[in-house]
Amino acid sequence: MKLKSPKHVEPTDAKERRETNVLVCYPTEALPKVDLAAADTRRNGAEFFNSIIVPARHAACVDVPAGYFARILSTEGPQVGDLNIWNTHNIAERFYSGKTRALHGTHVSTGDTLWSNLPYMRPLANITCDTLDWYGFDADGGSVHDVIGTRCDPYTGRLLSGKNYHQCCHSNLTRAMADHFDMDLSEAEMHVHDVMNVFMLTGFTHDTHQYFMKASPVRPGDFIELEAQTDITLGLSACPGGDCGDEHSSDTASCFPLKIEIYAPKSLDGFTPSKLNLYDRTHGK
């Protein structure tokens, strides 16, 4: 964080330097438009395909074919989840939280796209419904469904507490991925990546601009729904912090399971799977 007492004196033109214009780094007008009306048409009448329960303090993976809808639900109590996404057929292609954040902002909701990493960089899923869209941003600057945080992990936990903790989201996702893709834990861990923090209420403090969390406003029946833009695998961890109102990586927080329901549209008319990025990868050579 920035020093409270800087070591260097402000230059005489400090005010002028601070008052330069704000420019959005990545204007989104040229991005593919998410056609929510068409998605709603495909979703209406879609039939239940399958579902999984993600136990508290654990994770699970599920495959979602292109054009299908995945609904992540709160079922028993306020609970946040850490979401990873992979291309089912090529796990090197995975959710890119940093670029999603740069394009859509710190917190995502209906109409936003979840993008894959370089060199693939294409839509993995579009958010088509979010029952917490009413929350907006609060007086603390907090909002839900962030693409800021990394995921609670045993390495940071060890640094801060001096103890090992194995039910954190990084470890949960590692175990779930190893089981789902039939690989060793050491190999699976290399593919666990920064997450979308589903239902988590976060922001940056006004004074030190540090990442903060507050108790999530999610309640049983709330959900966020995604439309897969290619064949994807979701990995979801029910965070050991519960609603993250007190702490994460905890055996004492009240934690609840999450549920993922998959729905198959009756028709994929009008749906086109996303294509890989068209950059030629010559890098100026």
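Here is a short conversation about helix 3, Lys99 and the nonpolar cores of this predicted model.

Reader: Happy to dig in! What makes the buried residues of helix 3 line one face of the helix?

Author: Helix 3 spans residues 97-104, and Ser97, Lys99, Thr100 and Leu103 are buried there. Looking down the helix axis, these buried residues fall within an arc of 165°, so they line one face. Strand 6 (113-115) is included in what covers them. Just after the helix comes Gly105, with a positive phi near 110°.

Reader: How do you know that Lys99 has no salt bridge?

Author: A salt bridge needs a side-chain nitrogen of Lys or Arg within 4 Å of a carboxyl oxygen of Asp or Glu. For Lys99, the nearest side chain of opposite charge is Asp194, 13 Å away. Lys99 is therefore buried without a salt bridge, given the 4 Å cut-off. Leaving aside neighbours within four places in sequence, Lys99 is in contact with Tyr26 and Met121.

Reader: Good, now the cores. What makes Leu83, Met196, Phe199, Leu234 and Ile260 stand out in the largest nonpolar core?

Author: Of the 44 residues in that core, these five touch the most other members. Strand 9 (residues 196-204) gives the most to this core, with five residues.

Reader: And which residues is Ile260 in contact with, leaving aside its neighbours within four places in sequence?

Author: They are Asn50, Ser51, Ile52, Val62, Ala70, Arg71, Ile72, Leu234 and Leu236. Apart from the largest core lies another one, of twelve residues, including Cys61, Trp86, Ile91 and Leu173.

Technical notes:
Residues are numbered from 1 along each chain as its sequence is written. This is a predicted model: local features need pLDDT of at least 70, side-chain atom pairs count only at pLDDT 80 or more; totals for chains, interfaces and linings use all residues. Side-chain values use heavy atoms; hydrogens and water are left out. Buried means under 20% relative accessible area, exposed over 50%, partly exposed in between (1.4 Å probe, protein chains only). Helices (H or I, at least four residues) and strands (E, at least two) are DSSP runs, numbered from the N terminus. The arc is that of the directions from the helix axis to the C-beta atoms. Contact means heavy atoms within 4.5 Å. A nonpolar core is a set of buried Ala, Val, Leu, Ile, Met, Phe, Trp, Tyr and Cys residues joined through side-chain atoms within 4.5 Å. Lys and Arg count as positive and Asp and Glu as negative; His and the chain ends are not counted.
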